[in-house]
Amino acid sequence: MIELVQVSKTFNAGQPNEFHAVREVSFSIEPGRVTALRGPSGSGKTTLLGLIGGLTRPSSGRVRLDGRDISALPERFLTELRRATFGFVFQQFQLIRGLSVLENVMLPATPTGQPYAEVRTRALQLLADFDLDGRAEAKAQWLSGGEAQRVAIARALINDPKVILADEPTAHLDSVLSRQILAIFADLRAQGRSVILSSHDPLVFEVGLVERVVDIRDGRVTQA
Amino acid sequence: MTPQRKRRGSTLAMWALGLCALALLLILLDSGRLAALHAEALRQGQARAMSDQLTDPALFTEARFARHASQADRHAAFQDHPMALEHFPAGSLMPPPDATALMPPP
Amino acid sequence: MSFPHNAWLESQRGLIDFSIANLGRRRGRNLGLFLAYTLLVFLLASVVLYGDALRREARLLLADAPELVVQRLTAGRHDLLPAEWLDRVRGLRGVRAAEGRLWGYHYDPAAQANYTLLAPNDAPPAPGQVEIGAALARASGLDVGDVLSLRGFDGKPFAFNISRVFEAESELVSADLMRVNAADFRAFFGVEPDLYTDLALSVANPREVRKVAEKVLDRLPGARVIAREEMRRTYEAAFNWRQGVLLTFLSTILLAFALLAWDKASGLSAEERREIGILKALGWDTGDVLRMKLWEGALVSLCAFLVGYTLAWLHVFYADAPLFTAVLKGWSVLYPQFRLAPQIDLAQIATLFFLTVLPYVAATIAPVWRAATLDPDEVMRE
């Protein structure tokens, strides 16, 4: 269970280009559900996603994970927690060029020090689940949009996280591919994981995937 | 069907490092053998130096002073060649002029 | 068969995997960097190894040089001294033996080289005969049985029969040497019978050398007394200076190289920043990112150091340092051929290691430092 209590995030505080991305947002997210943050570009959904997943700390307010305050944790502990709990899928996929698909998927597991063979097996299994095992040795920059998105999701799953966070997952995909990706999220939900995504794509809300919508505008929650 | 297992980068690195270290270790270990080979030459050189009461090695023999270091005053310029610049340190950094270029044409 | 799994080791291996992959992405540039660095280590190590070995050799060869050399100074310049000086110092307490030495230089225009002529007291050659050093033989193209003709002090030609060429093993001290009979020496140089070039004194007790030197100065006002240690130090100073010039030159290249590497790396490209952000977002903390970069720098420089040093060792002790002899020979007509003996100096290796590896590693990590500590949320924003 994730709780946000009066969370705000301000960039460039005190400077002329001060920007309030998130203003006093409070809500809770129940585990095991698909939650969507809905709002136009610039509404602060991406920042909010980052705050939920511990990618950034709030300027004020608290973020709690299962009752534990994570906003004040030192970096090392926060990172460890994040690795074990959250899996991120970025809007631009953000794969490392020059590395193979397999290497990309295994990347989040490197600091955990698990045996290489085990991680590799798990990665190959994930790729097989997404019909990508034939592309395991392909370089990341050779992939199509749909393939890259699936690799990004596989990468997010390598540490077997409870929560998947996806920022605008359908932004660079056509309708067919979008439906494929959303089906994958449905599978993840069926596995018992929590899925939190941000989007302003109407398709995301049409397919019966989303169980709860949080509307955001100008950094504030308008409907939770 | 698992794809062909590619070698890990770290394996390559460790092998490379290991081989380099091994190579260095081997030649360092060989130094004992080389030194032993050299001992005879050293002995002969020492015998010659002692018998003739020589005081310095025959390096830089074109220097007026260097063949017998007894000539080298601290204030003397380091002359490397009869035609070299008699100035320190420029004399050792600039090569002496080509003597044939300064000779009058036949 | 499988050994106990260590999480820390495994994670470091994973980081190294990434470092190597990173290096491989710009293969040409990194290979060039590696080669340049190896070359630099090679040159630095070669200079140090060669200089140290040469100095060691000289010291060993001349360990038994006469303890004191007495010379006469006239108007501040070295002059021939009278034979009666020998009598004056012979009786001094502490002087075990005293001998008059006859030696001098002769410039041969034909070979454009300086020869050292010596009339030894120990086993002198017969009159008319000369024993020459190997380099002299090479430069003049003469051998045993040939005649070496030189112009004496009065311009008249002097013919020497070459009775012997010195052994190659002693070339470092005998390369330019001409051993002649004392009478021939005096005739060739026009040195009166009652004059010597200088005196060689041997002192029994090494601790008394200074005292004996003082006594000699008392007995022989206007003399210059040189101790073996002083000669050694002067020669070493010349050595050190030459080596120092070379090292300074190379060190400036090293510095320039380090600065260049720093400069190239200090502007992290947008791509590199993005990737560090991704790594952090995926669950690598600051330490992991920095360690990965550390491995990258350390592996390259470590390999470069090992290879460079090994090549330098081979260059100096197995190949007889062709690079240096080529340079040194350029100014020297009679260059002795000699081998140097290796000696392992751990302090020297360590110093070279720190001078080469540390700056490179620092130059690799420093630019990444700031980016590695930033929050990964930048990756989330476009």
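User: What makes both faces of strand 9 (residues 177-180) of chain C count as covered?

Analyst: In this predicted model, L177(C) and R179(C) lie on one side of strand 9 of chain C, with M178(C) and V180(C) on the other, and all are buried. A residue is called buried if 20 or more other C-beta atoms lie within 10 Å of its own. Residues on both sides fall in that class, so both faces are covered. In general, side chains in a regular strand alternate between the two faces of the sheet.

User: How do you know that strand 9 of chain C pairs with strand 5 and in what sense?

Analyst: Two strands pair if there are at least two bridges between them. Strand 5 (residues 113-119) and strand 9 of chain C have 3 bridges, in the parallel sense, so they qualify as a pair. Within this pairing, L117(C) has M178(C) as its bridge partner.

User: What is the sense of the pairing between strand 6 (residues 129-132) and strand 9 of chain C?

Analyst: That pairing is antiparallel and also has 3 bridges. Here E131(C) has R179(C) of strand 9 as its bridge partner.

User: Why is R138(C) called partly exposed?

Analyst: R138(C) has 18 C-beta neighbours inside 10 Å. Buried requires 20 or more and exposed requires 12 or fewer, so a count of 18 falls in between. The residue belongs to helix 4 (residues 134-140) of chain C. Its C-alpha is 9.6 Å from that of A175(C), although 37 residues separate the two in sequence.

User: Why is chain C described as more spread out than a compact globule?

Analyst: Chain C contains 13 helices and 12 strands. Its radius of gyration is 31 Å, whereas the globule rule gives 21 Å for 382 residues; the value is well over the rule, so chain C is more spread out than a compact globule. Along the principal axes, the C-alpha atoms fill a box of roughly 100 × 50 × 50 Å. Buried residues make up 42% of the chain.

User: Why are helix 1 of chain B and helix 1 of chain C called roughly perpendicular?

Analyst: Their axes cross at roughly 85° and come within 7 Å. Angles of 65 to 115 degrees count as roughly perpendicular, so the two helices receive that description. On the chain B side, the contact is made by G9(B), S10(B), L12(B) and A13(B); on the chain C side, by R13(C), I16(C), D17(C), I20(C) and A21(C). By class, these comprise 5 nonpolar, 2 polar and 2 charged residues.

User: How many residues take part in the contact between chain B and chain C?

Analyst: The contact involves 50 residues of chain B and 62 residues of chain C. Helix 1 (9-29) and helix 2 (31-51) of chain B each supply at least two residues of the chain B side. The largest share, 14 residues, comes from helix 2. That side of chain B divides into 27 nonpolar, 14 polar and 9 charged residues.

User: What makes strand 2 (19-29) and strand 5 (68-69) of chain A edge strands?

Analyst: Each of them pairs on one side only. They belong to an open sheet of 4 strands in the order 2-1-4-5, with antiparallel pairing. Within this sheet, strand 1 (residues 2-11) and strand 4 (residues 60-65) of chain A pair over 5 bridges, and E3(A) has R64(A) as its bridge partner. Helix 1 (residues 45-52) of chain A lies across strands 1, 2 and 4, running at about 55° to strand 2.

Methods
Residues numbered from 1 in each chain as written. Chains lettered and ligands numbered in written order. Predicted model: local features only at pLDDT ≥ 70, side-chain atom pairs only at ≥ 80, totals over all residues. Contact = placed C-beta atoms within 7 Å. Nonpolar A, V, L, I, M, F, W, Y, C, P; charged D, E, K, R; others polar. Axes fitted to C-alpha atoms, helices over the stretch in contact; angles between N-to-C directions. Parallel < 35°, antiparallel > 145°, perpendicular 65-115°, else oblique. Rg over C-alpha atoms; globule rule 2.2 N^0.38 Å.
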